[in-house]
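Q: I am new to this structure. Please take a close look at its salt bridges, and set them in the context of the whole chain.

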Amino acid sequence: MNSIEKPGVMGIIPKRKRQKVAELCSSYSKHEVRFQDLIMFIVERKMGSSRRMFLMDLARKKGFRVDDVLSDSVTHIVTENNSWNEIWDWIQNQKLPNADKIKVLDISWFTDSMGAGKPVDIEERHRLQVQKACLLQSDLPSASPVATISQYACQRRTTLNNRNKIFTDALDILAENHEFNESVGPYVAFSRATSVLKSLPYAISSMTHLEGLPCLRDQTRAIIEEILEDGVCSKVESLLCDERYKARKLFTSVFGVGLKTADKWYGQGFRTLEEVKAAKDLKFTKMQKAGFLYYEDINSAVRKAEADAVGQIIEDIVHKCVPDAIMTLTGGFRRGKEIGHDVDFLITCLEEGKEEGLLHKAISKLDRQGLLLYFDIVEATLEKRELPSRKYDAMDHFQKCFLMLKLNKALVDNSVPSMSAVRLTTKGAEPEEKTKIKDWKAIRVDLVIVPAQQYAYALLGWSGSRQFARDLRRYTTREKKMILDNHGLYDEKKKVFLKAKTEEEIFAHLDLKYLEPWERNA
Ligand code: DCT
Ligand code: MG
């Protein structure tokens, strides 16, 4: 960051310009001041003296009072291309008694006011961004600029109120494409950048708003600039029309189809799901068969009310197996999302060991009730206590079940089977006569069985978001010299596992301020 000019320096004008300034200053007295309560000062820094003089003259012609030097009487400071931090430092140095009361505004306020011929109301976009440099902005007094924003999502509050969707949507698509290409570096870079933008308490409307933000590389900045200028990113536009990207996106949208299979099908010339399904020599796994069979349902978002209904059904069955078992809704819904692609639950028993056999029993009961469309139980793989995984994306070792549940639509409020619902035709019957409206929806569910001692760690990991969890592990390794995964936290210096009963305790072990689940939407 450039150092700030010392007090007074901004007012010093080179000799050759004095003549011009004198002319402009005299123009000041020539014009009637129409807005008595407003005294403006325009900052020369980064703007240049000629532009400053031009703007001062313009404003005076429009009836604004513009002072040459910053004084106690100034009410509005206008600046261009300066960050809040820089300007604030400079104002502090002026030792003005009323510094807190002065409105420090972006040039956009000036331009709008000149256009309107009067001082316009100050909107959010006119302010220099106070919070952008804050570590956790809500912890700080509103007017004090602080250290830079953290590179780790676990040190930023990220709610669902994403004010920069236009940028993050584009960057997410580019990140996804790099993930498809297995280009880890660019994938991580774009994912981190989009996560930073999601945490900002303001909408980016100028490149100056990016000053001081971490994780934004030149390529990302260029994309943001392009979107600011054109409203779209050309790379994203061409990617969305790209045959390979479209095929990968489409094929991996089938439950059970990973990138390898998607690329194989693409290489064989397939472009649509109909072509794949009709291919005679393709063999599908049990998972993929279910994926094709319930494709429409699985690819339509799960609503919160549906997640709650699913939770009720499973919890009832779990309690029939172990009455005091505890089931917790986690994943995106725990972070406050209204829709998701699946529903994630953790199941634990206070009495260690009581969870043994629970998953198999519960799944059998669901099956007997005709509620299971698909399931796959994965057994626990961690036998003795191992060190946590050092990989930020590592899978955990818990026993779990990936399933598709048949949810009766009547169980969900406001959900009446619609006429547009898929019609099931009975074999051999006349389509008009023997069609039945499908009154259920297939819902993807993950059930994870967790021993009580590891519950807080599992809850933290499964609550996500994925980027939050990744950054939390990266922070733990880099900043705390510890290792964290969904099973526990290991202190490498003391060579001990740190116990925790709650998520709050884990944050405390890591010297982090506690963030609520809805603040982890990184
Ligand atoms: N997770 C994990 N280990 C896995 C799978 C997931 O720790 N093997 C974490 C990452 C986020 C969280 O669990 C939930 O995963 P998803 O359901 O994929 O994400 P989500 O945030 O719930 O998003 P969505 O709303 O799309 O389901
Ligand atoms: Mg989920």
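A: What follows starts with the whole protein, turns to the salt bridges, and ends with some other parts.

This is a predicted model, in which local features need pLDDT of at least 70, side-chain atom pairs count only at pLDDT 80 or more, and totals for chains, interfaces and linings use all residues. Residues are numbered from 1 along each chain as its sequence is written, chains are lettered from A and ligands numbered from 1 in the order in which they are written, and side-chain values use heavy atoms, with hydrogens and water left out.

The protein has 19 helices and 16 strands. Helices (H or I, at least four residues) and strands (E, at least two) are DSSP runs, numbered from the N terminus. Of the 522 residues, 48% are buried. Buried means under 20% relative accessible area, exposed means over 50%, and partly exposed lies in between (1.4 Å probe, protein chains only). About 26,600 Å² of the protein is exposed, and carbon and sulfur atoms supply 52% of that area. Accessible areas come from the Shrake-Rupley method with a 1.4 Å probe; for residues, only the protein chains shown count as cover. Among contacts between residues at least 6 apart in sequence, 69% join residues at least 24 apart. Contact means heavy atoms within 4.5 Å.

Now the salt bridges. The structure holds 28 of them. Each is a side-chain nitrogen of Lys or Arg within 4 Å of a carboxyl oxygen of Asp or Glu.

One of them joins Glu519 and Arg157, at 3.4 Å from N to O. Glu519 lies in the segment after helix H19 (503-509), and Arg157 in the loop between helix H4 (107-116) and helix H5 (165-180), so the pair ties together parts that are 362 residues apart in sequence. Glu519 is buried, because its relative accessible area is 13%. Arg157 is buried too, at 16%.

Another salt bridge joins Asp511 and Lys480, at 2.7 Å from N to O. This pair also links distant parts of the chain: Asp511 is in the segment after H19, Lys480 is in helix H18 (residues 466-480), and they are 31 residues apart. Asp511 is exposed, with a relative accessible area of 56%. Lys480 counts as buried because its relative accessibility is 18%.

Glu351 pairs with Lys354, their closest N and O atoms being 4.0 Å apart. Lys354 is partly exposed, at 33% relative accessibility. Asp112, Glu123 and Arg125 are linked in a network of salt bridges.

Next, strand S10 and helix H12. Lys406 lies in strand S10 (residues 399-408). At 28% relative accessibility, Lys406 is partly exposed. Leaving aside neighbours within four places in sequence, Lys406 is in contact with Gly370, Leu371, Leu373, Trp440 and Lys441. Lys406 and Ile443 are 37 residues apart in sequence, yet 6.6 Å apart in space, C-alpha to C-alpha. In helix H12 (residues 286-293), the buried residues are Gln288, Ala290, Gly291 and Phe292. Their cover includes S10, along with helix H10 (259-267), helix H11 (273-278), helix H13 (295-298) and strand S9 (372-378).

Last, Lys494. This residue lies in the loop between strand S15 (489-491) and strand S16 (496-498). Lys494 is exposed, with a relative accessible area of 61%.
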